[in-house]
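Hello! Here is the structure I promised to pass on to you. Have a look at it first, and then read my notes below.

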Amino acid sequence: MTFKRLHTLLLFLLLASSISRFALAGKRKVHITDDLDDVFDDEEDDAWKEWGKKPQPSFPPSDISKMDPSQIQEEMKKRHAGPVIGFVKLRFGVRRSPDMVAEFAMKWTHILRTGAVGVRFMGVDLNTIMFNLESIKDLEELKEFVLDQSEAYEIKMGDEFFRRPGDPPLDEVIEKLNSEKAKADNADTEEIDQNDKTEL
């Protein structure tokens with residue numbers, strides 16, 4: 001019997017010591033020194049190092065008389081901070097209702113706002129949609145999106161026009177449509193005149 005008691009006692013002591021060891025392991029603290037000179041950290045890239053710093057101001061060129069107008073406009077865009085207003089001309093020769101134009105404007109606004117571009121489109125007439133862009137920094141994304149839409153023909157902002165590569169200016173398209181319409185009208189009147197002569 002003493003052997004069994006001794007065996008049970010040893011088993012109990014072994015179990016108690018292992019439980020106390022686990023309990024102490026949870027309370028143990030790790031000490032990390034503040035001396036980190038020998039630690040190599042390659043996770044910080046240049047963008048991380050620049051984060052939080054104020055950007056260095058870029059000064060305009062001293063003599064703008066030697067610059068061409070496109071360079072002057074680029075310099076002005078760099079310093080422009082307010083909203084930008086422009087117009088989207090829709091494709092001509094397509095019949096639209098005012099509701100369709102309003103639907104295009106609403107759809108484009110929602111899609112671009114989902115993409116974090118601060119812009120608002122509003123229908124002006126059956127062939128024109130006006131937009132109000134909050135920041136000129138989003139201009140490239142706006143141009144890419146609008147010119148990707150099948151309904152849009154060109155974008156006008158101030159003196160600048162943006163259209164798909166290879167598309168003629170809108171004035172040429174309107175002139176071509178008017179000349180075709182005039183030819184069709186003249187052909188109809190000639191037929192009417194000939195019919196009048198034959199009937200007389």
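**The helix α4 and its two faces**

In α4, the buried residues are V101, F104, A105, W108, T109 and L112. They lie on the same side of α4, because they cover an arc of only 125° around the axis. Such a pattern fits what is known of helices in general: an α-helix has 3.6 residues a turn, so residues three or four places apart point the same way. The face turned away from the buried side of α4 carries exposed residues, D99, E103 and T114.

Please keep in mind that this is a predicted model.

What do the buried residues of α4 pack against? Their partners are β1, β2, β3, β4 and α5. The helix α4 lies across β1, β2, β3 and β4, and runs at about 170° to β2. Its length also checks out: at 1.5 Å a residue, the 17 residues of α4 should span 24 Å, and this agrees with its end C-alpha atoms, which are 24 Å apart. Just after α4 comes A116, with a positive phi of about 65°.

**The whole protein**

Stepping back, the protein has six helices and five strands. Along the sequence they follow the pattern α-α-α-β-α-β-β-α-β-β-α. Of its 200 residues, 20% count as buried. Among the contacts in the protein with a separation of 6 or more, 52% are between residues 24 or more positions apart.

**The sheet**

The five strands form an open sheet, with antiparallel pairing, in the order β2-β3-β1-β4-β5. At its edges are β2 and β5 (160-163), each of which pairs on one side only. On average, neighbouring strands of this sheet are turned by 25° against each other, direction ignored.

One pair to look at is β1 and β4, which are joined in the antiparallel sense over four bridges. Here V88 has I155 in β4 as its bridge partner.

A second helix also lies over these strands: α5 lies across β1, β2, β3, β4 and β5, and runs at about 155° to β4.

**The core**

Which residues have the most contacts inside the largest nonpolar core? They are V88, W108, F121, I129, F131 and L142, in a core of 24 residues. At least two residues of this core come from each of β1 (84-90), α4 (98-114), β2 (119-125), β3 (128-133), α5 (139-148) and β4 (152-157).

W108, already met among the buried residues of α4, is a good place to start browsing. Leaving aside its neighbours within four places in sequence, W108 is in contact with V88, L90, F121, I129, F145, Q149, E151 and A152.

**One contact to follow up**

From that list, take Q149, whose place is in the loop between α5 and β4. Is Q149 buried or exposed? Q149 is buried, because its relative accessible area is 12%, and buried means under 20%. Beyond its neighbours within four places in sequence, Q149 is in contact with W108 and R164. Measuring along the chain, Q149 and W108 are 41 residues apart, while in space their C-alpha atoms are 9.2 Å apart.

If you open the model, a simple route is to begin at W108 in α4, go on to its contact Q149, and then to R164, which Q149 also contacts.

Enjoy exploring, and write back with any questions!

Terms used: Residues numbered from 1 in each chain as written. Predicted model: local features only at pLDDT ≥ 70, side-chain atom pairs only at ≥ 80, totals over all residues. Heavy atoms only, no water. Core = buried A, V, L, I, M, F, W, Y, C linked by side-chain atoms within 4.5 Å. Buried < 20%, exposed > 50% of the residue type's maximum accessible area, 1.4 Å probe, protein only. Contact = heavy atoms within 4.5 Å. Pairing = 2+ DSSP bridges. Axes fitted to C-alpha atoms, helices over the stretch in contact; angles between N-to-C directions. Expected span 1.5 Å × (residues − 1). Arc of directions from axis to C-beta.
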